[in-house]
Amino acid sequence: MDWYDSVFEVIDMRSFSNLWYWIGLAVLWSSVSHWVLGVPHDLILRARREKGGQAMEDLHDLTRVNVNRILYISDVSGAWLLLLGSTVMTVLALTAFFYDVELSQAVFFLLFPLAILGLLSIRTARRIRNHGDREEALVRRLMRHRLATQLIGFLSIFVTAMFGMDKNLYVGPFGF
């Protein structure tokens, strides 16, 4: 047995049976749900608890900066990003489900929910700017966005786990 066989015996290169894939999926959704439109969740909680003060000012400033950044990117290059994202998602979906490439399936299950969340973030940013949310209204809107993020993350992890278990249970004799 040479070093190549030893490495691939220790590190399973199939995505859904690889522990690192599941750790990465958990870390991804944990991070995404902590940063609500670029604002850390603990700052939102602190601003809500203190009902004003420095934490609320920080929340307003950080939200304003991130809303402006998100909407600027959306307005300037949104069409190109939508085109590129659609192309990538289409290629991943075709290679994943038509050609049955497991790596494409794994990447698709990571990126597709993030694409939905990106569109939701743009929508939330536009609503914050259009309604001029301040104080408690801003906190409520950010908390609703976080709840939607967590629901998308939960569904993503659940669907990925079901698909991954099905893939692992019905794998062929050569791992294909």
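This is a short talk on the predicted model of one protein, from its overall fold down to single residues.

I'll start with the overall layout. The protein has six helices and two strands. If you read along the sequence, the order is α-α-β-β-α-α-α-α. So much for the list of parts; now the outline. Along its principal axes, the C-alpha trace spans about 65 × 35 × 30 Å. The radius of gyration is 20 Å, whereas a compact globule of 176 residues would have one near 16 Å.

Next, the surface and the interior. About 11,200 Å² of the protein is exposed, and carbon and sulfur atoms supply 68% of that area. Of the 176 residues, 32% are buried. Now take the contacts between residues at least 6 apart in sequence: 71% of them join residues at least 24 apart.

What sits inside? In soluble globular proteins, nonpolar side chains tend to be buried together. In this model, the largest nonpolar core has 17 residues, and those with the most contacts inside it are Ile44, Leu59, Ile128 and Leu142. At least two residues of this core come from each of helix H3 (41–50), helix H4 (53–98), H5 and H6. Which helix gives the most to this core? The answer is H4, with six residues.

Let us stay with Leu59 for a moment. Leaving aside its neighbours within four places in sequence, Leu59 is in contact with Val39, Leu43, Ile44, Ala47, Leu138, Val139 and Leu142. Two of those names, Ile44 and Leu142, you have just heard in the list of core residues with the most contacts. Apart from this core lies another one, of five residues, among them Leu25, Trp29, Leu120 and Ile152.

Now a residue of another kind, Thr124. Thr124 is found in helix H5, which covers residues 102–131. Is Thr124 buried or exposed? Its relative accessibility is 9%, and the cut-off for buried is under 20%, so Thr124 counts as buried. Neighbours within four places in sequence aside, Thr124 is in contact with Leu37, Arg141 and His145.

Arg141 takes us to the salt bridges. How many does the structure hold? It holds three. In one of them, the side chain of Arg141 meets that of Asp133, with 2.5 Å from N to O. Arg141 and Asp133 are both buried.

Another salt bridge is formed by Asp75 and Arg126, whose closest N and O atoms are 2.7 Å apart. This pair links distant parts of the chain, since Asp75 is in helix H4 and Arg126 in helix H5, 51 residues apart. Asp75 counts as partly exposed because its relative accessibility is 49%. Arg126 also counts as partly exposed, at 32%.

The salt bridge still to mention is between the side chains of Asp100 and Lys167, at 2.9 Å from N to O. Asp100 lies in the loop between H4 and H5, and Lys167 lies in helix H6, so this pair ties together parts that are 67 residues apart in sequence. What about the burial of these two? Asp100 has a relative accessibility of 45% and therefore counts as partly exposed. Lys167 is buried, with a relative accessible area of 17%.

Back to H4 for one more residue. Val88 is found in helix H4. At 37% relative accessibility, Val88 counts as partly exposed. Val88 and Phe112 are 24 residues apart along the chain, and their C-alpha atoms are separated by 9.8 Å.

Last, the outside. Nonpolar side chains are not confined to the cores here: Phe154, Leu155, Phe158, Val159, Met162 and Met165 form a nonpolar patch on the surface. Together these residues have about 600 Å² of accessible area. Take Phe158 from that patch. Phe158 has its place in helix H6, residues 135–169. Why does Phe158 count as partly exposed? Because its relative accessibility is 44%, and partly exposed runs from the 20% cut-off for buried to the 50% cut-off for exposed.

To sum up, we have six helices and two strands, a nonpolar core of 17 residues, another core of five, three salt bridges, and a nonpolar patch on the surface that includes Phe158. That is the end of the talk.

Conventions:
Residues numbered from 1 in each chain as written. Predicted model: local features only at pLDDT ≥ 70, side-chain atom pairs only at ≥ 80, totals over all residues. Heavy atoms only, no water. Patch = residues over 30% accessible without salt bridge, like charges linked within 9 Å, V, L, I, M, F, W, Y side chains within 5 Å. Areas by Shrake-Rupley, 256 points an atom, 1.4 Å probe, with all protein chains shown as cover. Salt bridge = Lys/Arg side-chain N within 4 Å of Asp/Glu carboxyl O. Helix = DSSP H or I, 4+ residues; strand = E, 2+ residues; numbered from the N terminus. Buried < 20%, exposed > 50% of the residue type's maximum accessible area, 1.4 Å probe, protein only. Rg over C-alpha atoms; globule rule 2.2 N^0.38 Å. Contact = heavy atoms within 4.5 Å. Core = buried A, V, L, I, M, F, W, Y, C linked by side-chain atoms within 4.5 Å.
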